[in-house]
Amino acid sequence: MHLFLLGVSHKTAPVDLREKLDFSSRDVGAAVVALAARSSAAESVVLSTCNRSEIYVASAAPETAREEIIRFLGEYHQLPADSFTPHLFSFSESDVAQHLFRVAAGLDSLVVGEPQILGQVKDAFQAAAEKRCTGPVLRKLFDWSFNVGKRVRSETALGEGAVSISFAAAQLARKIFGRLQGRRVLVVGAGEISTLTAQHLRAHGATEVAITSRTAAHAQALATKVGGHWVPWDGLANALAGADIIVTATGSQRPIITRAHVETALRGHRRDPLFILDVAVPRDVEASVGEIEQVFLYNVDDLQTVVQENLSKRASEIERAEAIVKEELGRFAAWQRSRGAIQTVVALRDRFEAVRRAELQRLESRMGGLPPETRAVFDQLTRLIVEKLLIDPTEQLKALPDEETQAAYTEAVNRLFRLRDENGSTASPDSADDETSSRRRPR
Amino acid sequence: MNLIPLILYAAAGIAYAIHFARRDAAVGRTATTLLLLGVLSHTFVIGMQTMEVRHVPFANPSRAVSTFVWLLTLSYLYLELTTDERAMGVFILPIIVGLQVIPVLSPGIENRDPVLDSPWFWVHVSSLLFAYASFGLAGVLGLTYVLQFKEIKKKHLGYFYTRLPSLQILDRMNSRATVTGWAFLTLGLIVGVVWTVEAKKLAPANSNLQDIGLYDPKVLFALLAWALYSFAVLARGAMGWTGRRAAWLSAVGFVVVQLNLVFISYFVETSHTFQ
């Protein structure tokens, strides 16, 4: 069984083409079933995210896989093949594993180390498995990739630190307040970053989001979008007093939140910290507000610096992550080689078993007078001798260090024991491999 | 005997430091296991000493320090196991290891003055030692709060930012440890005063006991600690002294407590000894 991969990604195709070839907005399960119906591949998985559409197959005929997948992509997305073929990339055999491991580790992502990709890879495999389009080869490959993804995340800092301003703000809020449940967020001005930040804060558990803007309609629209409530612009002072987190993004040319405003808001019973994120340019909040003991004031440049530092840290972790990928790739290749030796091992066992049976058959006339117990002992004894003779060659064949040596050894064994049948082929590993025998056809 | 807990505490300390630097979960679990083994062996040591002298050994300063270390370790483990937060281990273990060196180098003999054969003495000392252990935790939590606060306030989100819990959690844990410590300190001091007055009547010839008064350095430092922590508790509730101010108070308070527990016991002449 051979591995083959064909796809497009943010590295090879522009966004409009990626959108046309996207499976994630449709039913990926249906897509993988459609692919299985049109292709000769025994196993297939469709991985589709906003940055990539990739088709992984395990096929006995890799030479036809490429054409079959291109035809499928064209028919499924109703696109002429020449509109997307220049943007396709493909890998085969161990390069497929290397690519998938890098994808699962977040090394091939647009934002290196982004955390969602591992879950997306798992979902893609799950969707294919549910439709019975996977088998032992892709199952092993994808399981291995999940492990690589987990290792890279736990052993390196590749996925650490926020790499977008809005996410960095939400992470900072959690570092100040711990859980955001029950925290009140005030959004002043309805810009893009403030919208994203409000959404991130909501996703992190902030329960109450108030939005105010000079243009009431903008505030109301944003309130609907993020599930918050609208506060009239002249209620800003009161809203400041009730907020734990303030996000400001107005187009005002002068600061709209002064030190006096904040000191008034903090007066009274308030003891908790106040986190102010000022993403407006020019700034909405007086710089001296940051001097107040319990106020943490961040502007867009501060967060940009945080993001840049995090990106640099991630970049410095790439080498360690690549080393993990390389190490796991070596182990996966060893597994593949041991699998490649199975054909010869199975043929060798069949050969020995055939000789044993033939010899027992030949002696049948002379053993005819023996009681059944004695004959059973003969059968057991000869079986044990064969098993013991085969232990070492089996292990040696499975543990060969590289493909070249393996080819030489298997060829030698095939010749020495005349293992090839009349057609020149050995037994299929699928016939003896328990894992392989679970291969299924799509529903 | 105190050497085995010390070795296990030191090994746990190294593991906590590696865990803090590398954030490797397996190393963190190893650190906790080593600390649990350390506190178990320490429990065995204190148990053996209790059986030997037929009372909990804390009249001798070294054994009092050993009992304090044991209580501090238990309090820390309680905090770690209930919050699943190991970051403080790297700060608390140096205190544990440093103090456990004292009973190893100077084991001392528990030769208690018979005047101390009273359950009130047990309540007095154990309450104070538990209070000091709570203040030890509060001090470390305060220190970590200040480190985290500085990084966030100065916008240098670096080493501690990625490793320590949120400011709010550190502040809340600091508050709990301070209030618990203050309650036990108050109880220990009240019991100490009441029992001393009674004991003075019962043992008029005991010069140490008769000399105990407000001007004794050990009593003075205990009262200073009580005043400081009373202010910390009051200021948090009434004046909103949370966060960094509360953290600094905890750190200063713990220095006072350590001076009383170690420095005054060993280097200052005090009538507060009953050996």
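This is a short tour of a predicted model, moving from a strand of chain A through a sheet and a long-axis check on a helix to the contacts with chain B.

**Strand 1 and its partners**

Begin by selecting residues 2-9 of chain A, which make up strand 1; 7 of these 8 residues are buried, so the strand is largely enclosed by the rest of the structure. Add residues 52-59 of chain A, and you will have strand 3, which pairs with strand 1 in the antiparallel sense over 8 bridges. To fix the register by eye, pick A:Leu3 and look across to A:Ala58, its bridge partner in strand 3 of chain A. Then select residues 89-92 of chain A, where strand 4 also runs antiparallel to strand 1 and is joined to it by 4 bridges; here A:Gly7 has A:Phe89 as its bridge partner.

**The parallel sheet**

Next, bring up strands 5 to 10 of chain A, 6 strands that form an open sheet with parallel pairing, in the order 7-6-5-8-9-10. Strand 7 (229-230) and strand 10 of chain A stand at the edges, and because each has a single partner strand, one side of each is left without a neighbour in the sheet. Within this sheet, select residues 245-248 and 274-278 of chain A, which are strands 8 and 9, running parallel and joined by 4 bridges. A useful pair to display is A:Thr248 and A:Asp278, the latter standing opposite the former in strand 9 of chain A.

**Helix 16**

Now select residues 372-398 of chain A, the 27 residues of helix 16, which at 1.5 Å a residue should span 39 Å; the end C-alpha atoms are 38 Å apart, which agrees. Along this helix, centre the view on A:Ile391, where helix 16 of chain A bends by about 30°, and note that a proline, A:Pro393, follows within four residues. Is helix 16 of chain A enclosed or largely in the open? Of its 27 residues, the number buried is 1, so helix 16 of chain A lies largely in the open.

**Where chain A touches chain B**

Finally, show both chains, and look for the 14 residues of chain A that are in contact with 14 residues of chain B. On the chain A side, the elements that give two or more residues are helix 8 (165-177), strand 10 (295-299) and helix 13 (300-340). Helix 8 of chain A gives the most to this side, with 4 residues. If you colour the residues of chain A that touch chain B by character, they divide into 6 nonpolar, 2 polar and 6 charged.

Definitions and conventions
Residues are numbered from 1 along each chain as its sequence is written. Chains are lettered from A and ligands numbered from 1 in the order in which they are written. This is a predicted model: local features need pLDDT of at least 70, side-chain atom pairs count only at pLDDT 80 or more; totals for chains, interfaces and linings use all residues. A residue is buried if 20 or more other C-beta atoms lie within 10 Å of its own, exposed if 12 or fewer, and partly exposed in between; C-beta atoms are placed from the backbone. Two strands pair if DSSP finds at least two bridges between them. Two residues are in contact if their C-beta atoms, placed from the backbone, lie within 7 Å. Ala, Val, Leu, Ile, Met, Phe, Trp, Tyr, Cys and Pro count as nonpolar, Asp, Glu, Lys and Arg as charged, and the others, Gly among them, as polar. The expected span of a helix is 1.5 Å times one less than its number of residues. The bend at a residue is the angle between axes fitted to the seven residues ending there and the seven starting there.
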